[in-house]
Amino acid sequence: MSLFRMAGLAIVLVVSLLFAVFVGDQGPWYFAWVIGTVMIILISGAGAILLDSQLDSSPDNEV
Amino acid sequence: MDIINPTVVDLSRFQFALTALYHFMFVPLTLGLTFMLAAMETVYVVTGRKIYKEMAQFWGKLFGINFAIGVATGLTMEFEFGTNWSMYSRFFGDMFGTPLAIEGLMAFFMESTFVGLMFFGWDRLSKQAHLAITYLVALGSNLSALWILIANASMNVPEGGHFDPETMRMQFDSFVHVIFNPDAQSKFVHTSVAGYVSAALFVMGISAFYLLRGQHKQFAARSFRMAALFGIISTVAVITLGDVLGRMDYEKQPTKIAAIEGLWHTSKPPYEPWILAALPDDAKQENHFEIGVPFVLTPLIAHDFNTPITGLHELEDAAGPRIQSGIEAVSALRRYGETHQQADLDIFRAHEEDMGYGFLATRHAPNQDVTNISAEALPKVIEETKPDILPNVFVTFWAFRLMVFLALYFFALFAISSYVSLKNKLERNKLLLRLCLWSIPLPILATEFGWITAEAGRQPWTVFNKLPTFLSSSTHSVSYMVFSLAGFTLLYSIFIAAELYLMFKFARLGPEAHDAPHDDATQHPHLTAVSSTPSAAH
């Protein structure tokens, strides 16, 4: 099972690299959009998780 | 009888502007909210905290209202290309129709299919599968915008096709050139992230409303935090891509960039100021007053300190030879259509690049036919046609400025909001919360101004340098246009009233599942209750 999973992830990795090379070369702003959108989602999510920990450790529960 | 009825052309333009601007009141929220939902649901799947599921469901409900009412209005425009712009569709349909068809068959179908699963799959799919569906909805809605903007870019910077004198229309050559058109790339990212800004301020504003009323505080604080961070990065991206688009216009559409800057005469670098405010007078071709910031225009447009930016007067003068060459191209084309003589085709090929300018001269030609222009009348026709190459400077100038001023305001608002939220001081800043609430419609306005800048600035062309707008419309009667325009206005007024009613109603109701146990007497119950039993969260 883990072998299949590893093979699957390897295929995803190869496809991602090919995508990055082709789109990065032909359409740099499309590539920037993909990377940027992922970054925006991750930072936004990280901000929410940070708020959780801030509230967990805050005695007055102020938002 | 004249083939061009200016009233019909103006009414067709007004109707398209009305339907397009109306449609685009819904689009930004769809583009941005889907990815915000994906972000909220990602946190839910990663942490198992139920409050994030409630956030995704509540904001998803508002997205659903927007999607249901907004999507249908986009279909109108696709029909308008056939009904009101049949000459354009005849000339450019091969180029324009391909991405439009892909949009319908691929992106819109994908979005519509997965939207159903997203709304009704919460209890039927695993957490991970539902998250994947939400991402596919977000991807589908943005891919939908991508194909539309690829089609739009081919009108602004026609690439990947050629004009065929046999069929008398533009024909598709290279799919890769059309997809990777630099204008399409930068315009797609600019538009998509403008949608992110709209969605972020929408979520932030409604969350601020709850915080001001002391309701759903745990829910609102998390939504506000996520939206503020989502918004600040998106605003930086939208401003960056705005600069890229400006650079694109400078290279490909010099009349648009000169109109945007209210630049009647070629600039004198490096001192030339960037005009903050002015009153451009299109009739007199001058600005009545100007307030500017010196040394800013040249680096802003040309990205250096030495390159002069060509002014509208100089662009107008430079168009003279192109109009003359275009008249020869169109005349040769007419002859070739009748006789199929190789000599006429050769003449056409020699002047093909200026064909659009020949079409532009049609309006001033005797009987609206350039083959009727005599050698004596030619200089007069050229002089009369030259001012036609300019867009409406007042509209383009101010639409651009309003968009830019709003973008700078969003940057400040998101930056302050992110800081205050990260410091957990939101409740102490009532003024900031009120500003966020009242700013909800502003990003939608900014995107509308953006479209006005792009489309009014492209005039007098529907296909830049190839096909004038006045030759693109159908030959309807004025009464037909007035009747259909009145119908659309009435129908869309009902749609917008229904949308606003539902949005206000559900936003006021708030996240119902979150109402009962919590609010502020207890400490964020969902966090403590759910985080300790993540497996029970779903």
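Domain bounds, as I shall use them, come from an automatic or database domain assignment. On that basis chain B is divided into domain 1, covering 6-160, 173-255 and 400-521, and domain 2, covering 267-309. The C-alpha centres of domain 1 of chain B and domain 2 of chain B lie 31 Å apart.

Please note that this is a predicted model, in which local features need pLDDT of at least 70, side-chain atom pairs count only at pLDDT 80 or more, and totals for chains, interfaces and linings use all residues. Residues are numbered from 1 along each chain as its sequence is written, while chains are lettered from A and ligands numbered from 1 in the order in which they are written.

Let me turn to the interface. In chain B, 29 residues are in contact with 26 residues of chain A, contact meaning that C-beta atoms, placed from the backbone, lie within 7 Å. Helix 2 (27-47), helix 7 and helix 8 (217-252) of chain B each give two or more residues to this side; helices here are DSSP runs of H or I, at least four residues, numbered from the N terminus. Helix 8 of chain B supplies the largest share, ten residues.

Next, a helix pair. Helix 7 (residues 182-213) of chain B packs against helix 17 (residues 442-458) of chain B at an angle of about 160°, with axes 9 Å apart. Axes are lines fitted to C-alpha atoms over the stretch in contact, and angles run from 0 to 180 degrees between N-to-C directions. Helix 7 and helix 17 of chain B are therefore roughly antiparallel, the term for angles over 145 degrees.

How values were computed
Parallel < 35°, antiparallel > 145°, perpendicular 65-115°, else oblique. Contact = placed C-beta atoms within 7 Å.
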